[in-house]
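Thanks for asking me to look this one over. My notes below follow the aromatic rings and their surroundings, point by point.

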Amino acid sequence: MPSLSLLKTRFLELTAKHNAIAVVTLLSLSALSSNAWADIQPRSASLNYSQKSLSNAGNPAAAALIVARKDPQVMTGGSIELGGGIEYGNLDELFAKIDELSFLFNPPGAGDDGSQPSEPPSSPTVENPSRDYTWQDLFANTPELADRLDIIKVKIATTAAALALIATEGYGKAEATSNASFVLSKDLLGGTLLFGMSFKGNSKAVGIFEDINLDVEQARSELQRIPTFTENDPVQELDLSGGISLFYNPANNKFKMSVDNDSLLLIKAAKVSQFSLSYSRKALASDAGDLYWGVKPTFYRVGLTNVGTRIGDITDTEGLFDDIKNADFIYENGYDLDLGIVWAADHYQLGAALTSLFEHTYDFPELDRRRFSSASILSLLNEHEVFTMERQLKLEAGIYTDQRHWSLNVELDANPIDDPMHDEYQWFTLTAGYAGDSWWLPSARLGMSRNLAGTGLGYVNAGVTVLKFINLDVATTIDKVILNGNELRRGINLRLGIQFDY
C-alpha cells in the first residue's frame, strides 16, 4: 500500500486534474477570498497590510483607507496571486495502519482450517507487518479463563487505540488557490470600488470510526465453550459481542479474530468560485483619526463531492483516490455579505469585520447508507454531508511609524468556523513589516500564526516584495512529524503573486 508521501501526491494530482482548465483561466481573472471560509494557513499571514487591504482577503473597509493614504510604496491598481498548501497529521505510515485494520476487520479465509495460512497483501511500505493475521496459538500458554479474557481485552484495546489514533492524527489535506483583485474606481460616490473573482480547490482524507464495545460477560461465556469442542468438530465462530468474532479450529487449537465494524475512510473534495464587489469609503474625519466603513456582497459557486469506504471493504487504498477523481461534484450557488469598519490614526489603527453574514449552506452528495448499520456512524455522516459558510468576527490592530515604513499588525478570529472539509479554524496572526521606497526590495514581512481551534498548529511566515511588483510568501509549521523515517514539517504554504498600477 502507498505511504503517506503518496497521499500528498494524490491530493495534488486530484486538485490539478479536476481544476486544470479553471486554474489556467483564473491566472488572469480570478481571486480567492480567505475570510469567507477557512484556509490551511491564513491569508492574513501573507502580504503587508496595505497589499492585503487591496485584495478581497482584507477588511472590506480598508481599501478606501489605503487609497487615501497615497503611500509611494503601495500599488493601488490590481494584484494576481497563486498559492498552494498541504498539511497532514502526526501519523507515520497512515495507509499501512489502515491496511492492518482492514485486514483485521475482514480477514481473508477466516473460516478455513488454518493449514494454508492467509497473509495480508504485500505492501511496499510494510515488509514485516506487526500484526500476524495467520491462525495463532492464541491461548497456548494461558489455560485459565481469566487470562484468556485478558488477552482478548488487550487485543480489543489495541485495535480501539489504533482507530482513535487514525481518527485524530490520520489525516492529510491539500489545497490550491488563485487570487486576483482590481480597483475599479478610487472615487465612486466618494468611495473605492474593488472587484474580485476567485477560485479555491481542496481535498482531504479522514477516518470516521465506530467504537468497539466489548461485553465482558458475553465474551467470558463464549470463551467457556472452547473446552467443550472435540478435534472432530468443524471451525467454530465465537461471538464475543460488539461485532468481535473469534474463529476456533478444534483440530489444531488455533484462533483467528475479526471485527465487524462500520468504521470508514472518507475522502472529500471541494471547489469554490467567488465573484465579489467591495465598496468602502470614509465615514468620519477628525483630528484624532478617520473612520472607514465597507461592504462586500459576494456570489459563490460551490462544488462538493465525497467518497466513503468501510475499512473492512478496502482492498486498494490507492484506488480510493481514483474514485474521488472520477466522482461527480454537486454544484450550488449562494450569496453572502461581509461588513467592515476601520479606525485609522497617525500611528495606529483598529478594525473589525463580520464575514458570511447570511451563513449559506451547501450539500455534499449523499453517500450510500445501505452499507452502514451503526447509528453513530450514520450521525457523523450526516454532519459531513453539509457545509455552512459560518459567520465569523475578525478583529485587527496595528501600530506603525511615520509613512508606515515599519509596522506591527495583529489579527484575531473571535470565533472558530468550519471549512468545507469540516475542519475547525480560528486564526491568531502577528506580522511585522517593512515598507520602503526601494525598487528592488520595497517590502518585507515576518510573522507567526496559530490555529486556536482544531489542529492547534502554528506557522512561521515570511515574505518579500521584489522588483516593486512581485510578491513571494512562504509559511511552514512549527510542529514536525516523522514520515518514512524522515523528519518533516507538518504543513507548508506557498504564495506567488504580482501587483501593478494602471
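**Notes on the aromatic side chains**

1. Let me begin with a single side chain: F299 is partly exposed, because its relative accessibility is 22%. Please keep in mind that this is a predicted model.

2. Searching the whole structure turns up 14 aromatic pairs. F299 belongs to one of them: its ring centre is 5.3 Å from that of Y335, and the planes meet at 55 degrees, so this pair is tilted. The two partners come from distant parts of the chain, 36 residues apart, with F299 in strand β8 (residues 290-310) and Y335 in strand β9 (residues 330-344). As for Y335, a relative accessible area of 56% makes this residue exposed.

3. Next, have a look at F329 and Y331. Their ring centres are 6.2 Å apart with the planes at 35 degrees, so this pair is tilted too. F329 is buried, because its relative accessible area of 14% falls under the 20% cut-off. Y331, at 37% relative accessibility, counts as partly exposed.

4. F329 also has a charged neighbour: K271 sits over the face of its ring, 4.4 Å from the ring centre. A similar arrangement can be found at F364, where K268 lies over the ring face at 4.6 Å from the centre.

5. Which residues form one aromatic cluster? Four residues do so here: F139, F229, Y248 and F255. It may help to colour F139, F229, Y248 and F255 together in your viewer to see this cluster.

Conventions:
Residues are numbered from 1 along each chain as its sequence is written. This is a predicted model: local features need pLDDT of at least 70, side-chain atom pairs count only at pLDDT 80 or more; totals for chains, interfaces and linings use all residues. Side-chain values use heavy atoms; hydrogens and water are left out. Rings of Phe, Tyr and Trp (its six-membered ring) pair if their centres lie within 6.5 Å; planes under 30 degrees apart count as stacked, over 60 as edge-to-face and the rest as tilted. Helices (H or I, at least four residues) and strands (E, at least two) are DSSP runs, numbered from the N terminus. Buried means under 20% relative accessible area, exposed over 50%, partly exposed in between (1.4 Å probe, protein chains only). A charge sits over a ring if NZ of Lys or CZ of Arg is within 6 Å of the ring centre and within 35 degrees of the ring normal.
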